[in-house]
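Biologist: Please take a close look at one part of this model, the strands that pair with one another, and then at a patch on the surface.

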Amino acid sequence: MRAQSRRIGSPGATIPPAVPTEQEVANRSFSESEDRFQKLFLSTKDAILITDSAAVQFLDVNLQASALLGYSRRELLNLPPTRILAHKEEGGSGWIRKPDQKARYATAFRHKSGAIIPCHVAARPIEFGQKPCVLVIAHRATESQITEAMSKAAAFARFLNGVAVGAAQAPTIEHGIRFCIQQVCDFLLHPLAHARFFAERIISVGLPANIWHFGLSARSDSRMANPTEHWHRSDDWYSRVLNAGHPFTCEDLSADPDFPGKQMAHKLGIKSVLVVPILVDNELVGVLEFFSYEPMKLDKLRLEIIASMGGRVGRIIDHKRAESSIQALSAKLFHLQDDERRRLAKELHDTTAQNLAAIVMDLGVIGRNVQALEPEARIALSECVALARQSLHEVRTFSYLLHPPMLDELGLVAALRIYIEGFSQRSGMRVDFEASDYAKLSNDLEVTLFYVAQEGLTNAHRHSGSPWAKVRMKADANEIRITVENETTAAVTQKMGVGIRSMQERVQHFGGTLAFYSDQYRTHLEAMLPSSRTAKRDERPNVRAKI
């Protein structure tokens with residue numbers, strides 16, 4: 001409002017225009033800015049929503065916001081801001097989580113009808129009606145933007161699925177964790193990653209407390225450094241994750257008083273870090289740290305990828321621990337089974353077989369006076385002698401099949417040779433046996449290899465109708481392999497039965513594999529097991545026998 005001069009007193013006297021005060025200037029400026037904002041609020045094509053400073057209530061919305069979301073202005077003013085989010089978990093992010101900070105990101109709103117609306121959002125704190133509040137400007141994403149976002153999301157989904165499959169196939173917990181952080185570093189171009197575990201129950205299973213990995217984008221000079229030398233534990237640093245329970249970023253490590261590796265960061269040129277909690281059964285057991293040469297600016301999808309790695313690593317630990325427990329139980333069962341077979345074999349040999357041998361001898365004494373017996377008694381005596389001898393032979397054979405004593409006394413090759421000789425005599429099959437020299441194996445491994453050969457020959461005799469079979473055993477510094485092969489003459493090809501499945505479980509327990517193949521021409525059974533690299537070489541020469 002322009003000040004007017006007025007004449008007071010004599011005709012020639014005038015008063016100069018009044019100078020506005022600072023408060024009047026401020027009020028005028030504020031009124032003008034509110035007028036401009038009101039025009040923008042009504043005329044813009046974007047949806048504008050204003051919430052209180054805590055982002056728990058809408059204070060005002062424009063017509064475009066009502067049209068975008070399908071609610072009337074009155075309905076929106078009575079809804080909490082979290083109601084319009086497509087995904088409830090987003091309530092912990094964006095302007096709702098940090099209403100006092102500027103934010104710009106892609107998100108999705110839920111229409112009143114339930115439809116999902118991809119949008120781009122910009123939010124910032126402002127004063128509205130001289131009160132602190134949050135201004136949110138949203139516009140619908142274009143088709144090309146939606147297509148690009150979907151393509152990126154699909155690529156990330158394929159990446160996560162690949163990581164899950166690779167980690168599940170890792171032989172140990174440490175291998176699985178190294179695989180995960182390696183894949184993240186290579187996919188998102190992080191130069192350095194660190195897995196830190198501080199739960200005693202996790203470290204006690206043999207997992208290192210610190211696992212480091214240099215990514216493909218790491219500088220060549222930094223690869224020569226040893227991060228562990230410059231890393232010092234800081235309880236304050238890790239307590240942030242413990243208290244927050246969700247990932248957080250530090251964009252300037254040099255300014256963080258609690259960061260335990262400032263010397264390392266300076267030496268490697270590291271500027272920022274993203275810290276992700278590792279949870280096992282909802283318990284924080286460690287953290288994943290992904291470092292960057294630049295201040296870390298992650299979009300929503302990238303942040304979700306890295307954040308999901310914490311849960312994935314936790315599941316790997318839980319899964320591998322369960323596998324270890326199962327393997328330990330399986331090993332115990334195998335030991336109990338072998339001990340029981342050894343005990344039964346010994347009792348059959350030392351007790352039942354001896355009793356039958358005594359019966360045969362006693363019947364022989366009676367047979368010396370056979371002339372004094374009636375004809376029917378002579379026939380019965382002859383049958384008893386035959387049955388006793390047959391029973392003695394079967395008990396001794398069964399005792400040997402349960403657990404061959406030669407295996408403990410002479411070793412695997414000699415025990416196999418003796419077994420194959422007896423098998424050939426009993427079955428009438430011609431068996432070609434060949435074995436190379438091999439590293440000294442554990443008793444459990446030798447028992448497993450013996451049982452594989454035994455099961456393969458028994459399977460060939462029962463189902464194939466073949467007149468011959470081949471048994472081969474080869475070994476090198478890394479693995480030992482035993483194969484049983486025979487011709488198939490039966491009309492129906494052989495199938496993997498209970499015995500072979502049992503052998504498969506036993507072989508897998510030792511980290512090996514068992515392959516079974518059968519068609520109308522031949523049957524092939526092969527077991528491959530890792531051999532000890534530290535064992536001394538067995539001095540026994542090559543053994544080759546055709547029986």
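Modeller: What follows covers the strands, then the patch. This is a predicted model, where local features need pLDDT of at least 70, side-chain atom pairs count only at pLDDT 80 or more, and totals for chains, interfaces and linings use all residues. Residues are numbered from 1 along each chain as its sequence is written, and side-chain values use heavy atoms, with hydrogens and water left out.

Strand β12 covers residues 468-475 and strand β13 covers residues 479-487; the two pair in the antiparallel sense over seven bridges. Strands here are DSSP runs of E with at least two residues, helices are runs of H or I with at least four, and both are numbered from the N terminus. Two strands pair if DSSP finds at least two bridges between them. Three residues form the hairpin that joins β12 to β13. Val471 has Val484 in β13 as its bridge partner. Val484 also stands opposite Leu525 in β15. Strand β15, residues 522-530, runs antiparallel to β13, and nine bridges join them.

The surface patch lies elsewhere in the sequence: Leu329, Leu333 and Leu336 make a nonpolar patch of about 300 Å². Patch residues have over 30% relative accessible area and no salt bridge, with nonpolar side chains (Val, Leu, Ile, Met, Phe, Trp, Tyr) joined within 5 Å and like charges within 9 Å. A salt bridge is a side-chain nitrogen of Lys or Arg within 4 Å of a carboxyl oxygen of Asp or Glu. Accessible areas come from the Shrake-Rupley method with a 1.4 Å probe, and for residues only the protein chains shown count as cover. Leu329 is placed in helix α10, residues 300-367.
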